[in-house]
Amino acid sequence: MRMNKFPLNKEQLKELVKKYPTPFYLYDEKGIVENIRYFKKAFSIFPKFREFFAVKACPNPYIMRILEKEGCGADCSSLPELILAQKSGMTGHMVMFTSNDTPAEEFILAAKQGNIINFDDITHVEFVRNALGGTLPDTVCFRYNPGSEKHGGNSIIGKPEEAKYGLTKEQMIEGYKLCKKYGVKHFGLHTMVASNELNPDFFTDTARIVFDMVLLVQKEVGVNIEFVDLGGGVGIPYKPEQKKVDLEYVAKEIRKLYDQMIVPAGLDPMGISFECGRPITGPYGWLVTTAIHEKHIYRDYIGCDACMADLMRPGMYGAWHGITVSGKENAPADHVYDVTGSLCENCDKFAVQRSLPKIDKGDLLIIHDAGAHGRSMGFNYNGKLRAGELLLRSDGSVMQIRRKETVEDYFATLDFAGLDSFKA
Ligand SMILES: *Cc1c(COP(=O)(O)O)cnc(C)c1O
């Protein structure tokens with residue numbers, strides 16, 4: 001198995017659980033730092049590379065502060081995410097606001113914080129202009145939806161021509177013309193057409209489409225695009241037989257296109273950025289849960305103290321996450337289980353018919369690759385309280401970076417006192 005190794009052994013984990021009862025998320029600072037350095041090094045062959053960490057993947061300000069120190073910006077899509085970025089030290093143009101169907105107050109905050117607004121539609125130019133009292137920021141960006149020009153797509157994000165995001169080719173041209181007319185000085189171009197993609201050539205193909213658009217804008221509008229954002233969507237190998245995306249290869253292939261297309265157009269140095277979440281924190285976060293029940297009916301079930309409310313991906317898209325049993329890493333996987341949570345939904349299974357070592361009640365199960373789109377996709381359906389988050393520091397110590405939810409949190413939006421005078 002090539003799964004990313006959980007950084008604590010059985011004894012260390014048992015000690016930790018005494019202080020922080022399961023379920024919890026554990027993130028590995030050292031792993032995240034080494035990983036982001038690898039990512040940035042691969043793309044250092046570009047004159048101006050930037051990674052905007054997709055906040056939705058792991059919206060914890062401690063994790064974001066680590067990434068900020070490594071030179072990352074943030075990709076935000078809501079008002080709370082804009083605030084999180086600001087609090088984490090990611091400010092001004094280190095923040096991309098790539099939202100859709102956006103309320104005016106969110107655009108206003110992004111503008112106030114000096115963040116880069118990425119328009120998701122042609123009509124948003126006037127919408128934002130009205131919201132900002134008749135002005136536009138000096139720098140804007142447009143999200144391109146290449147439609148059927150981009151083949152592929154996948155089940156998470158779908159085919160571009162069926163996706164709700166971005167502007168068509170014709171609208172892109174109109175959008176830049178309009179902003180130029182309104183006096184905007186600096187322009188970016190963005191696209192995001194994949195999710196959890198493992199084929200490295202997919203990203204070169206995307207870059208080609210984006211660079212084509214950059215050249216078209218130059219020709220049709222007379223505007224020089226200063227930065228392109230190639231989106232997120234870089235996948236991670238959840239399954240042992242899958243292969244990590246070779247980012248050095250991706251960077252070199254995109255650099256070839258850059259030299260062929262961007263440099264001759266006089267656009268060098270042009271900023272290149274990604275807004276990845278999954279490949280940055282995904283492999284360095286684990287959901288730790290205790291096997292609290294074992295049941296044998298038509299199948300054999302292991303019931304955990306975590307549930308789909310803590311990690312939705314398996315239940316929602318049948319996503320596969322590796323599971324190891326602490327202390328039984330090398331034991332033969334000679335039992336077949338469905339590993340379940342407590343939600344009253346039959347899809348609440350972390351694994352279905354999975355070969356695992358014999359699991360005993362009290363065993364600690366480690367669910368791998370949960371560091372992105374894990375805790376953040378959690379919910380409270382069925383009165384479930386979401387797990388907290390711990391950070392394994394580079395010096396080996398562990399700190400709590402988010403406590404577990406309490407019943408009080410769950411009831412915080414209700415006014416029980418009002419019930420006393422309420423007559424049904
Ligand atoms: C979700 C999202 C990302 C991050 O995707 P990952 O798969 O986590 O890298 C980046 N940009 C946009 C616009 C997104 O919606």
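**Salt bridges, a helix and a cavity**

Tutor: In this predicted model, a network of salt bridges links K328, K358, D360 and D363.

Student: What makes K328 and D360 a salt bridge?

Tutor: The closest N and O atoms of K328 and D360 are 2.9 Å apart, and the cut-off for a side-chain nitrogen of Lys or Arg and a carboxyl oxygen of Asp or Glu is within 4 Å, so the pair qualifies as a salt bridge. This pair links distant parts of the chain, with K328 in the loop between β12 (323–325) and β13 and D360 in the loop between β14 (349–356) and β15 (364–367), 32 residues apart.

Student: Why is K328 called buried, and why does D360 count as partly exposed?

Tutor: K328 has a relative accessibility of 19%, and because buried means under 20%, K328 counts as buried. D360 is at 33% relative accessibility, a value that falls between the 20% and 50% limits, and therefore D360 counts as partly exposed.

Student: How many salt bridges does the structure hold, and what makes D338 and R299 one of them?

Tutor: The structure holds 16 salt bridges. For D338 and R299 the closest N and O atoms are 2.8 Å apart, which is within the 4 Å cut-off, so the name applies. D338 lies in strand β13 (residues 335–340) and R299 in the loop between β10 (285–296) and β11 (300–304), so that distant parts of the chain, 39 residues apart, are linked by this pair. As a general point, side chains of opposite charge can pair when their charged atoms come close.

Student: Is D338 buried or exposed, and why?

Tutor: D338 has 0% relative accessibility, and since the limit for buried is under 20%, D338 counts as buried. Its partner R299, at 32% relative accessibility, counts as partly exposed, because that class lies between the 20% and 50% limits.

Student: Which side chains meet in a salt bridge with an N to O distance of 2.8 Å and link strands β16 and β17?

Tutor: Those are the side chains of E389 and R402, which meet in a salt bridge at 2.8 Å, N to O. E389 is in strand β16 (residues 388–392) and R402 in strand β17 (residues 398–402), 13 residues apart, and the pair is another that links distant parts of the chain. With a relative accessibility of 2%, E389 counts as buried, whereas R402, at 28%, counts as partly exposed.

Student: Turning to helix α7, how do you know that its end C-alpha atoms are as far apart as its 13 residues should span?

Tutor: At 1.5 Å a residue, the 13 residues of helix α7 (residues 169–181) should span 18 Å, and because the end C-alpha atoms are 19 Å apart, the two values agree. The buried residues of α7 are M172, I173, G175, Y176, L178 and C179. In general, an α-helix has 3.6 residues a turn, so residues three or four places apart point the same way. The elements against which the buried residues of α7 pack are β5 (116–119), α6 (124–131), β6 (139–143), β7 (186–190), α8 (200–221) and β8 (225–229). Just after α7, G183 takes a positive phi of about 90°.

Student: Why is T139 called buried, and which residues does T139 touch?

Tutor: T139 has 7% relative accessibility, and because this is under the 20% limit, T139 counts as buried. T139 has its place in strand β6, and, leaving aside residues up to four places away in sequence, T139 touches H93, V184, H186 and F227.

Student: What makes H321 buried?

Tutor: H321 is at 0% relative accessibility and therefore counts as buried. H321 sits in the loop between α11 (313–317) and β12, and its contacts, not counting residues up to four places away in sequence, include Y238, R354 and D369.

Student: Why is K256 called partly exposed?

Tutor: K256 has a relative accessible area of 45%, and because this lies between the 20% and 50% limits, K256 is partly exposed. K256 is found in helix α9 (residues 247–262).

Student: How many cavities of 30 Å³ or more does a search of the whole structure find, and which residues line the second largest cavity?

Tutor: The search finds two cavities of 30 Å³ or more, and the second largest has a volume of about 30 Å³. The second largest cavity is lined by M192, V193, A194, F202, F203, T206, L230 and G232, and this lining divides into six nonpolar residues, two polar and no charged.

Methods: Residues numbered from 1 in each chain as written. Predicted model: local features only at pLDDT ≥ 70, side-chain atom pairs only at ≥ 80, totals over all residues. Heavy atoms only, no water. Helix = DSSP H or I, 4+ residues; strand = E, 2+ residues; numbered from the N terminus. Expected span 1.5 Å × (residues − 1). Buried < 20%, exposed > 50% of the residue type's maximum accessible area, 1.4 Å probe, protein only. Contact = heavy atoms within 4.5 Å. 1 Å grid on protein atoms, 1.4 Å probe; cavity = no way out; pocket = protein on both sides within 12 Å on 5 of 7 lines; lining within 4 Å. Points joined across faces, edges and corners; volume = space filled by probe spheres on them. Nonpolar A, V, L, I, M, F, W, Y, C, P; charged D, E, K, R; others polar.
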